[in-house]
Amino acid sequence: MSTHDPYTHSQVVIIGAGFAGLACAKGLGKSGITVTVVDRRNHNLFQPLLYQVATAALSPADIAEPVRRTLGRYDNIRVLLGEVVGIDSTGHRVLLKDGTSLPYDDLVIATGSEYNYFGNDGWKPFAPGLKTIHEARLIRHRLLSAFERAERATDPAIRKRLLTFAIIGGGPTGVEMAGAISELARQMIHHDFKAINKNEVDVLLIEAGPRILAAFPEKLAAYAHAYLTDIGVRVLTGRSVTKIDADSLSLGDERIETSCIVWGAGVRASPAARWLGVEGGQQGRIPVEPDLSLPGHPDIAVIGDTALATDEDGKPLPALAQVAKQQGEYVADRLRHKLTGRTHTAPFRFHNRGNTAVIGRNAAIFDFGSWTLKGRMAWFLWALVHVYLLVNFEKRLLVSIQWITRYFTRQRSARLIDENHGRDDDTSEPPDKPFENPPAAGR
């Protein structure tokens, strides 16, 4: 940077514009503190609804917004598009991939998490997760293309593979995806496809543990299991994936051919621990002090999925959006105190507003700790909470209108196949005799 650049001596640099980073940046808006937000993507993304992009219920623009627009009203905040590759904590500089660096007085690391393939990163091209718009669009492309190809296929083996969909991981993401794919298949086959029977569709939810939704009370997990089974999802628990390739996965010696695999079996923190030269804890998350600072570095705060923070009982806080937002707001408040010379002594305390997962139409679960909720009322509450958490009024209005329309019409408005998207990634073989008209199947 040139010496006359007014941002050369930025007081605060925030790495990451997810829930935690944006909450911190907004908390510092109009504070008199010079803030630089750097992210490798130019948009913030509401990840809890990314599965609806993947299953054609919403478009990417419904749940994403440019970071510059989100923070543009704050004159003291600058946004930079760049990829961080290291941190010089001694020299107080953030190192970027293009060879430049950003000086800081205080640093906030909010770089989130990525899916963990447990040493099998070669599986990723065949089993994308749900962390980015690209991954959601790739999954949608594979799903919709599979139905189109199955409509033309005459070979039963090819039809079976095309109409088999596997979701790996029985957490909230896996449960939501399994329910959404099953409902998408039923709706499309009932209204739009003539040669596919809904009974040919096989949606698998595969969980290595003894039950799905391990973070929820067992009665809520049992309700979710029963509901998924009722809408045609095969829930396989206690089964570990041993191999994934272009058109199949293996559970031990059992090989299952499938046209679309979605990975949701666990996450790991970003490589921030490596940047700092510290040893990561559980899932690679960085242990932090009660005020969310890095031990031995009071000028560095770590928040969101990257941080290994604990509650009053010493248990790690979950990697949830509400945790990230509260941590971002807390660090912003602490930094404002620092600017005015006041001491911020209160440790971070997470206020649990409930953990939730949606299973399907009129079906969701809520765990508030002391009480639980399931069914239609939980589904409406889930919808209200997620609409409220969207970044602005425009997104809330757009998503609300589409959900209301879809609720009454049962139609999904984003069922578009981009013929160029994912072509290099699409491993589905073409159906045999593609121009032969198979007999219409009964519903």
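This report describes the nonpolar cores, a small sheet and selected side-chain pairings of a predicted model.

**Nonpolar cores**

The largest nonpolar core comprises 82 residues. Within this core, the residues with the most contacts are Leu130, Phe147, Phe165, Met177, Leu228, Ile244 and Leu249. The element that gives the most to the core is helix H7, residues 172-191, which supplies nine residues. A second core, separate from this one, has 52 residues, among them Ile14, Leu71, Val79 and Val94.

Leucine 249 can be followed further. Leaving aside residues up to four places away in sequence, leucine 249 touches Ala166, Ile168, Ile206, Lys243, Ile244, Glu254, Arg255, Ile256, Thr258 and Ile261. One of these, Ile244, is also listed among the residues with the most contacts inside the largest core.

**The sheet S14-S15-S16**

Three strands form an open sheet in the order S14-S15-S16, and their pairing is antiparallel. Strand S14 (243-245) and strand S16 (254-257) each have a single partner strand and stand at the edges, so each has one side without a neighbour in the sheet. On average, neighbouring strands of the sheet are turned by 15 degrees against each other, with direction ignored.

Three bridges join S14 to strand S15 (residues 248-251) in the antiparallel sense. Lysine 243 has serine 250 of S15 as its bridge partner.

**Salt bridges**

Side chains of opposite charge can pair when their charged atoms come close. The model has twelve salt bridges in total. Three of them are set out below, with the distance between N and O atoms.

| Acidic residue | Basic residue | N to O distance |
|---|---|---|
| Glutamate 200 | Arginine 159 | 2.9 Å |
| Aspartate 247 | Arginine 255 | 3.4 Å |
| Glutamate 312 | Arginine 349 | 3.6 Å |

The salt bridge of glutamate 200 with arginine 159 links distant parts of the chain, 41 residues apart. Glutamate 200 is in the loop between H7 and strand S12 (202-207), while arginine 159 is in helix H6 (residues 156-162). Arginine 159 is buried, at a relative accessible area of 10%, whereas glutamate 200 is partly exposed at 28%.

In the pair of aspartate 247 and arginine 255, aspartate 247 is partly exposed with 22% relative accessibility. Arginine 255 is partly exposed as well, with a relative accessible area of 45%. Arginine 255 also appears among the residues that leucine 249 touches.

The salt bridge between arginine 349 and glutamate 312 joins two loops. Arginine 349 lies between helix H10 (321-339) and strand S23 (355-360), and glutamate 312 lies between strand S22 (307-308) and H10, so the pair ties together parts 37 residues apart in sequence. Glutamate 312 is exposed, with a relative accessible area of 55%, and arginine 349 is partly exposed at 37% relative accessibility.

Apart from these pairs, Glu114, Asp121 and Arg268 are linked in a network of salt bridges.

**Serine 259**

Where does serine 259 lie? Serine 259 is in the loop between S16 and strand S17 (260-263). Is serine 259 buried or exposed? At 7% relative accessibility, serine 259 counts as buried, because residues under 20% relative accessible area fall in that class. A polar atom of the serine 259 side chain lies 2.8 Å from the backbone oxygen of leucine 162.

Key. Residues numbered from 1 in each chain as written. Predicted model: local features only at pLDDT ≥ 70, side-chain atom pairs only at ≥ 80, totals over all residues. Heavy atoms only, no water. Core = buried A, V, L, I, M, F, W, Y, C linked by side-chain atoms within 4.5 Å. Buried < 20%, exposed > 50% of the residue type's maximum accessible area, 1.4 Å probe, protein only. Helix = DSSP H or I, 4+ residues; strand = E, 2+ residues; numbered from the N terminus. Contact = heavy atoms within 4.5 Å. Pairing = 2+ DSSP bridges. Axes fitted to C-alpha atoms, helices over the stretch in contact; angles between N-to-C directions. Salt bridge = Lys/Arg side-chain N within 4 Å of Asp/Glu carboxyl O. Polar contact = N/O pair within 3.5 Å; in protein donor to acceptor, adjacent residues only side chain to side chain.
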